[in-house]
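Reader: I should like to take a close look at one part of this structure, namely its enclosed spaces.

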Amino acid sequence: MKKLAKTITALSGSAILLGACGNAEQAEEESFELNWSTTPSYSTQNPTESQANYIADKVSEFEEDYPQVELNTDLQSTDIDESMTRLLEQANTDRAPDVAAIDGYFFPRFMDYLQPLDDLFDEYEIDIDDYLPFVQDVLTGDDGQIYGLYMNTDTRVLFYDTDVVEEPPTTWDEAIATSLEIQEEGYNGLIFPGGRGEGTAVTTLWPLFWAQEGELVDEDGNPTFGEGDNYDKMLNVLQAVNEAVESGATPQRVSSYGGENDLNEEIAGGDTAMFLGGNWQVSFLRETLGDDFDSWAVAPLPQLEEGQFATSAGGWAWGIFAEEEEKQEAAFDLINRLFVGEEGMTEWTNVHGGLPSRTSIYEAEDLEAGEFSDTFREYLEDANVRPASQHYNEISNQMQIAVSEVISGGKSPEEALDDAWAVVNEGE
Amino acid sequence: MNTSNKRSALSLTLTKGIGNSPIPWLIPLSLILLFVFLFPVFEIIRYSFTDASFLETDYSYTISSFVRLFTLPGFYQMLIVTLIFVTASVFFQMFFGFLIALLIDKGQKLNLKGTVMVRTAVLTAWAIPGVVIGIIWRIMYTETPSGILNYLISFVGVDIVPFLSDPYMALFAVTLANIWRGTAFSMILLYAGIQTLPKDVMEAAKIDGASAIQRLLKVMLPMLAPIILINLIIISIDTFNTFDMVMALTGGGPGQSTEVIALSIYNSIFREFNLGHGAATAVVLLTINVGMTIVYLRVLGKRGAA
């Protein structure tokens with residue numbers, strides 16, 4: 001009997017030991033690293049304290065819920081082109097992080113390397129149709145699968161001071177006439193980004209071009225902006241900008257403004273009553289102009305012809321490169337709770353500003369919608385995004401050079417467009 | 001001599017041979033140079049003969065990048081812009097650097113207070129990163145009445161100066177900012193050179209009745225020639241390679257009026273993802289820099305031999 005008891009005890013001990021070893025091994029197997037490549041703005045390094053705290057809290061919650069995950073944060077360069085180039089190179093050489101922030105217009109170029117997320121969308125009850133139309137196009141691959149999670153977005157509009165400009169100009173000619181009128185009252189004329197920078201392309205050039213149904217590239221992504229009808233449409237754009245400068249409606253100095261925020265210093269001076277800019281400038285205007293901003297309003301960007309409409313939309317998305325299911329699930333959960341889920345997108349919009357890319361969020365009870373939020377949403381319904389062509393960056397850079405040469409008086413619109421087309425087309 | 005002694009002698013000779021040889025000391029340096037200098041240079045030259053892009057993994061070997069570079073609009077303008085930028089920067093950096101070095105030296109001889117402060121203040125400009133200098137000057141050049149320089153200019157009744165939006169003014173503005181940035185380096189080098197000049201020669205010239213101008217031109221400058229030459233070459237190469245300050249100040253615009261070669265390389269590779277074209281432009285810059293170095297070695301070598 002004693003012998004039997006000893007045997008049972010020994011066997012039990014062995015079983016417990018084996019079980020413990022098994023659990024330890026299992027726990028070891030389950031723990032894994034998750035490499036999170038993010039921009040400084042979308043990390044705990046965000047320079048704004050409230051945003052940094054929001055991200056830090058959410059990350060802590062995530063780490064509590066996923067003790068097996070060791071989250072490694074890799075900060076991308078603040079130079080978007082440089083960081084996207086590096087990420088693409090990493091993806092090309094199978095060294096991509098598990099999950100990464102990707103500028104919306106770069107996103108389609110990463111699709112070959114990203115994992116489809118349809119099952120996770122279902123699991124987390126996110127409906128792709130809830131996204132704004134342009135976002136659905138960006139996130140959906142040619143195979144109909146969903147490849148990313150979109151964060152907040154942005155758009156471009158005409159800002160005007162109703163105390164000075166009673167009716168916003170709807171056409172470019174009206175904008176020139178209004179600009180000349182308000183200059184007589186001591187205000188600056190119409191200003192917009194017209195220098196070397198992406199702001200010039202997305203705020204000034206492309207909306208005027210897209211509104212004429214111009215196409216920068218064909219279906220295969222090859223440049224078309226300098227041939228056939230598209231040549232005439234792009235020339236119309238450069239001629240319109242030239243006319244604004246030559247008539248004195250727009251100062252030549254806009255050729256040194258490459259981004260929308262470059263206008264801020266001039267706006268802060270208080271003599272600006274009309275400019276083309278981005279929705280995110282609202283917070284700057286409110287902070288700088290204070291109560292004087294009460295009289296400001298927004299309107300669609302003035303176009304070459306009455307009845308035309310076009311604006312640009314931007315924003316960032318998240319793509320998951322990891323092939324392992326547990327990594328995909330953890331990465332999806334992290335991004336969902338930070339920026340994309342109903343709670344995440346609402347809270348992030350409240351602390352960060354910007355415009356939700358999911359339509360349902362605009363109706364969320366907890367959303368502290370910014371000024372003109374509903375108007376921006378209306379414009380976003382028909383917003384355009386930059387083409388995902390691999391030639392896009394060169395087209396954009398060359399057209400930025402072209403328009404700034406026209407504004408500074410270095411070249412005529414025809415010469416500038418011909419040179420831009422020659423550079424882009426010669427590379428084919 | 002038995003076998004054991006022979007072996008010991010051989011071993012001693014080998015140890016002495018290796019010990020006296022510079023090879024073991026040069027191996028680590030050579031390896032470092034190979035991996036951090038020669039390999040990247042080789043890669044840049046290799047990529048310049050391809051149509052490589054950051055957006056595609058495949059590429060083929062071709063000379064089309066060079067053909068494209070030399071035939072497209074903008075290349076010769078870029079060379080001219082770079083030449084003006086470098087020539088004006090180098091000349092005025094040396095001129096002002098020499099002037100400040102002379103003033104500090106004179107100040108020290110006269111036991112004036114504040115010479116160290118002046119030296120430190122000038123050096124600060126050299127220590128500030130190029131991007132920050134670009135931003136500082138961008139604020140200075142703002143083309144509204146609230147811009148610092150335009151505000152000052154308004155006191156003499158001059159209208160707003162388009163520092164950054166006029167192609168010619170923009171090149172002037174960028175060059176001026178670069179002169180401000182680089183003067184300190186010339187000052188340090190020339191100041192060090194002035195300190196090494198033999199006092200007896202300068203005094204002898206003075207006793208012989210040479211005027212201040214004559215002493216400067218006939219005595220001081222010839223003795224400083226090697227330092228001036230080194231300074232000339234270093235700041236020339238440095239200016240050719242400048243792109244950070246220009247990028248922050250004008251981004252190369254308006255148009256391409258301030259797009260120097262180094263900035264063009266950055267734009268081609270990181271903005272347009274065109275690695276082949278960017279590498280071909282980099283080879284042009286490398287050729288210019290190597291040419292400058294050969295000139296430096298030959299001219300300085302001859303002077304050394306003389």
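Which helices of chain A and chain B each supply at least two residues of the lining of the largest cavity?

Author: The model is predicted, so to speak of local features requires pLDDT of at least 70 and side-chain atom pairs count only at pLDDT 80 or more, while totals for chains, interfaces and linings use all residues. Residues are numbered from 1 along each chain as its sequence is written, chains are lettered from A and ligands numbered from 1 in the order in which they are written, and side-chain values use heavy atoms, with hydrogens and water left out.The helices in question are α15 (392–408) of chain A and α3 (64–71), α4 (75–109) and α12 (261–271) of chain B; a helix here is a DSSP run of H or I with at least four residues, and a strand a run of E with at least two, numbered from the N terminus. Of these, α15(A) gives the most to the lining, with 4 residues.

A cavity is a set of points on a 1 Å grid over the protein atoms alone where a 1.4 Å probe fits but cannot get out, and its lining residues have an atom within 4 Å of a point. The count comes to 3 cavities of 30 Å³ or more. The largest holds about 230 Å³, a volume being the space filled by probe spheres set on points joined across faces, edges and corners. Its lining has 19 residues, with A:Q398, B:Q256, B:E259, B:S264 and B:H277 nearest the centre. By class they are 7 nonpolar, 8 polar and 4 charged; Ala, Val, Leu, Ile, Met, Phe, Trp, Tyr, Cys and Pro count as nonpolar, Asp, Glu, Lys and Arg as charged, and the others, Gly among them, as polar.

The second largest cavity has a volume of about 40 Å³, and its lining includes A:D103, A:Y150 and A:R386. Strand β7 (residues 313–320) of chain A gives the most to this lining, with 3 residues.

Key:
On a 1 Å grid over the protein atoms alone, a cavity is a set of points where a 1.4 Å probe fits but cannot get out, and a pocket is an open set with protein on both sides within 12 Å along at least five of seven lines; lining residues have an atom within 4 Å of a point.
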